[in-house]
Amino acid sequence: MTASDQGRASASRETLERGSTPVIAIDGPAASGKGTVALGVADQLGFHYLESGSLYRLVGLAALQDRIALDDEERVAEAAKGLEAAFDGGRIRLRGADVTDAIRSEAVGSAASRVAVFPAVRTALLSGQRAFRRPPGLVAEGRDMGTVVFPDALVKIYVTATPEARAMRRYNQLIEKGNSVIIEGLLRDIRERDARDSARAVAPLRVAADAIVLDTTDMTIGESVVFVLEKYRAAIGKAGR
Ligand code: C5P
């Protein structure tokens, strides 16, 4: 076998492995609880976890740091292509600096949702997201996991809750961290972000045709995790795995 044959064999092994590695795609609007549910499911199954929003947040932060205009698609896409990000042990680094907390600010969230409207930015982040699919499985969370990034996901869940319930959850999180916030402002931000995420031309926030809707307004995190695990077990049973 020549070196290039070996390279091809290992590349196709990798493709096969990825193809058979189960993905649970969890999509939904901001503050719907999808992140907490996704983490709980990944933890229960011992699966890898992709929080795709953090990649858009990193691009937003890099653009802010480099003073790139958020409506300059070409330059923002360049920043996305050259993103020097590292994920280790729950910490997130950008160009070597720990930005785990910095990317959670409302300012970076809003920058993320502005840069996420550009097709060139989304394309630049595609292969990086798919690389998270490794055995034994992946729980991927975001807006377009089931519709665009992992259309062949074994289970697709669309997590939602009323805007008021979501604003209340965000409010409690921020108060717990010692921030002073106004709930009306949070509700307005959530509505604006929903409108932008749903109205964009590329990969808009929508329920995939084969997704199961999970409304968490009156559910606990534990109940929501159990719901997803049941759907996953039913799907592997059906697939005969
Ligand atoms: O999920 P999170 O609120 O951290 O995402 C920040 C922003 O990134 C979202 O408002 C959305 O515009 C964008 N995003 C996206 N596609 C994803 C994940 C996030 O467009 N898969």
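**Cores and sheets of the predicted model**

In the predicted model, L50 is in contact with L55, Q129, F132, L138, V139, A140, E141, M145 and F150, when neighbours within four places in sequence are left aside. L50 also belongs to the largest nonpolar core, which has 36 residues. Within this core, L50, L58, V59, V121 and F150 touch the most other members. At least two core residues come from each of β1 (23-27), α3 (52-65), α4 (73-81), β4 (91-94), α5 (106-115), α6 (119-130), β6 (138-142) and α7 (145-149). The greatest contribution is that of α3, which gives seven residues. Residues of the core come from both domain 1 (1-47 + 137-241) and domain 2 (52-135), so the core lies between the two domains. A second core, separate from this one, has 18 residues, including I26, A38, A42 and L229. In soluble globular proteins, nonpolar side chains tend to be buried together.

Two open sheets are described next. One is formed by five strands in the order β2-β6-β1-β7-β8, and its pairing is parallel. Its edge strands, β2 (48-51) and β8 (212-215), each pair on one side only. On average, neighbouring strands of this sheet are turned by 20° against each other, direction ignored. At one edge, β8 pairs with β7 (residues 155-160) in the parallel sense over four bridges. I212 in β8 is the bridge partner of I157. Helix α3 packs on this sheet, where α3 touches β2 and β6, and the direction of α3 makes about 40° with that of β2.

The other sheet has three strands in the order β3-β4-β5, with antiparallel pairing. Here the edge strands are β3 (85-88) and β5 (97-98), each of which pairs on one side only. Two bridges join β4 and β5 in the antiparallel sense. For R93, the bridge partner in β5 is D98. Helix α3 packs on this sheet as well, touching β3 and β4. The direction of α3 makes about 35° with that of β4. Thus α3 touches β2 and β6 in the parallel sheet, touches β3 and β4 in the antiparallel sheet, and gives the most residues to the largest core.

A86 is a residue of the edge strand β3. With a relative accessible area of 31%, A86 is partly exposed, because this value falls between the limits of 20% and 50%. Not counting residues up to four places away in sequence, A86 touches R91, I92 and R93. A86 and D98 are 12 residues apart in sequence, and their C-alpha atoms are 9.3 Å apart in space.

Helix α5 supplies at least two residues of the largest core. The buried residues of α5 are V108, G109, A111, A112, S113 and V115. The elements that cover these buried residues include α3, α4, α6 and α9 (183-199).

D197 is located in helix α9. D197 has a relative accessible area of 4% and is therefore buried, since the limit is under 20%. Beyond residues up to four places away in sequence, D197 touches S113, R143, P204 and L205. Of these contacts of D197, S113 is one of the buried residues of α5. D197 and A116 are 81 residues apart along the chain, whereas their C-alpha atoms are separated by 8.3 Å.

Note on methods:
Residues are numbered from 1 along each chain as its sequence is written. This is a predicted model: local features need pLDDT of at least 70, side-chain atom pairs count only at pLDDT 80 or more; totals for chains, interfaces and linings use all residues. Side-chain values use heavy atoms; hydrogens and water are left out. A nonpolar core is a set of buried Ala, Val, Leu, Ile, Met, Phe, Trp, Tyr and Cys residues joined through side-chain atoms within 4.5 Å. Buried means under 20% relative accessible area, exposed over 50%, partly exposed in between (1.4 Å probe, protein chains only). Domain bounds come from an automatic or database domain assignment. Contact means heavy atoms within 4.5 Å. Two strands pair if DSSP finds at least two bridges between them. Axes are lines fitted to C-alpha atoms, for helices over the stretch in contact, and angles run from 0 to 180 degrees between N-to-C directions.
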